[in-house]
Amino acid sequence: MEMKQIIQTQETHNGPVRLPVDNETHKFDDWTISYTKSHILKSVCTNGNNCVKGDESCCELCVYNFALELPHLPDMVFHKNILTVEHSSGARLHFSPIEALKMVSNEKLDLKVACSDEWKESRPDADTHEKVKPFDWTFTTEYRGTTNELFKVEPTEQKIDMYKLMKREPILFYHDLTLFEDELHDHGISVLSVKVRVMPSGFYILLRHFLRVDQVLIRINDTRFHYEKGNDYMLREYSQREANMEKLKHVPPALFTCPQEIAEHLPVMSKVTEKISVWHGADATASGGLS
């Protein structure tokens with residue numbers, strides 16, 4: 001395992017400031033698993049709001065704003081927090097905040113779909129007037145990771161064996177990255193994170209979007225990946241769980257802040273499993289990549 005410390009600098013009124021970026025890499029058979037981790041995205045344009053879309057000098061904030069076209073970003077966007085899993089063939093899977101936020105609806109959100117009426121009733125008029133925005137202000141995303149053209153993705157009846165994953169094994173590599181987080185104007189939380197764990201038998205990844213709107217609902221969108229040693233594919237399982245608070249009265253409120261605990265009390269709204277295979281030689285050339 002290789003650990004590196006990269007130093008970046010940013011110009012300020014007091015001169016350059018050093019910004020540390022963690023970078024760690026772990027090799028497992030034909031796979032290389034790596035991450036970068038750093039500070040949150042700046043909240044103001046460093047070019048005095050003079051950035052131009054597509055220009056090389058465009059600041060990081062404006063790159064996000066131009067790409068997403070959302071009224072505003074989450075409170076904290078960890079734009080440099082990226083997890084990458086790459087096969088020796090060049091097949092690549094990665095997880096990044098900007099790709100996840102691209103899947104947040106930037107159209108007017110009729111929150112009646114989930115909880116708007118209840119949420120408005122639980123707040124003073126003056127409070128909700130500024131909080132309900134013409135987009136999905138919960139930052140709910142169905143992001144499942146980003147694959148390149150050297151992976152083949154197809155539906156499968158295979159299932160991730162969670163019991164096998166519960167077996168005690170040495171942990172060869174582990175990391176937990178937060179991609180973005182928003183406190184919904186102190187009315188809950190919306191957070192996207194990704195965890196990776198490597199064991200002698202393979203590796204496991206959990207990408208989770210956890211949403212809690214106080215007094216209204218709890219929603220969890222999970223994407224699980226499992227690779228077993230010796231295979232040339234991973235299984236990807238995406239699930240959506242959700243429940244209104246009215247249906248969670250029997251659950252101790254202390255669990256509302258613990259995604260791992262509350263997940264067991266949320267009904268599964270949908271689930272789909274896919275097989276993500278590495279294209280081989282002529283197959284990759286003939287296919288032209290993913291459909």
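**Strand S13 and its surroundings**

Student: What makes strand S13 (residues 233–244) count as mostly covered?

Tutor: In this predicted model, nine of the twelve residues of S13 are buried. Buried means under 20% relative accessible area, so nine residues of S13 fall below that cut-off.

Student: How do you know that strand S12 (residues 217–228) and S13 pair?

Tutor: Two strands pair if there are at least two bridges between them. S12 and S13 share ten bridges, in the antiparallel sense, and therefore meet the criterion. Among the bridge partners, arginine 219 is matched with glutamate 242 in S13, and isoleucine 218 with alanine 243 in S13.

Student: What links S12 and S13, and which residue in the turn has a positive phi?

Tutor: The two strands form a hairpin with four residues between them. Glycine 230, in the turn, has a positive phi of about 100°.

Student: Why is strand S14 (residues 268–278) called a partner of S13?

Tutor: S13 and S14 are joined by nine antiparallel bridges, and at least two are required, so they count as paired. Glutamate 237 stands opposite threonine 273 in S14.

Student: Where does S13 lie in the sheet of eight strands?

Tutor: The sheet is open, with antiparallel pairing and the order S4-S9-S10-S11-S12-S13-S14-S8. Strand S4 (76–77) and strand S8 (151–155) are its edge strands, as each pairs on one side only.

Student: How do you know that the charged end of arginine 144 sits over the ring of tyrosine 238?

Tutor: The charged end of arginine 144 is 3.9 Å from the centre of the tyrosine 238 ring. The distance cut-off is 6 Å, with a further limit of 35 degrees from the ring normal. The value of 3.9 Å satisfies the distance condition, and arginine 144 is listed as sitting over the ring, so the angle condition is met too.

Student: What is the corresponding value for lysine 275 and tyrosine 233?

Tutor: Lysine 275 lies over the face of tyrosine 233, at 4.5 Å from the ring centre. That distance is also within 6 Å, so the distance condition is fulfilled.

Student: Why is glutamate 181 said to have no salt bridge?

Tutor: Glutamate 181 lies in strand S9 (residues 173–182) and is buried. The nearest side chain of opposite charge, arginine 212, is 8.9 Å away. A salt bridge requires a distance within 4 Å, so arginine 212 does not qualify.

Student: Which residues does glutamate 181 touch?

Tutor: Not counting residues up to four places away in sequence, the contacts of glutamate 181 are Pro74, Asp75, Met76, Ile189, Ser190 and Val191.

How values were computed:
Residues numbered from 1 in each chain as written. Predicted model: local features only at pLDDT ≥ 70, side-chain atom pairs only at ≥ 80, totals over all residues. Heavy atoms only, no water. Buried < 20%, exposed > 50% of the residue type's maximum accessible area, 1.4 Å probe, protein only. Lys, Arg positive; Asp, Glu negative; His and termini not counted. Contact = heavy atoms within 4.5 Å.
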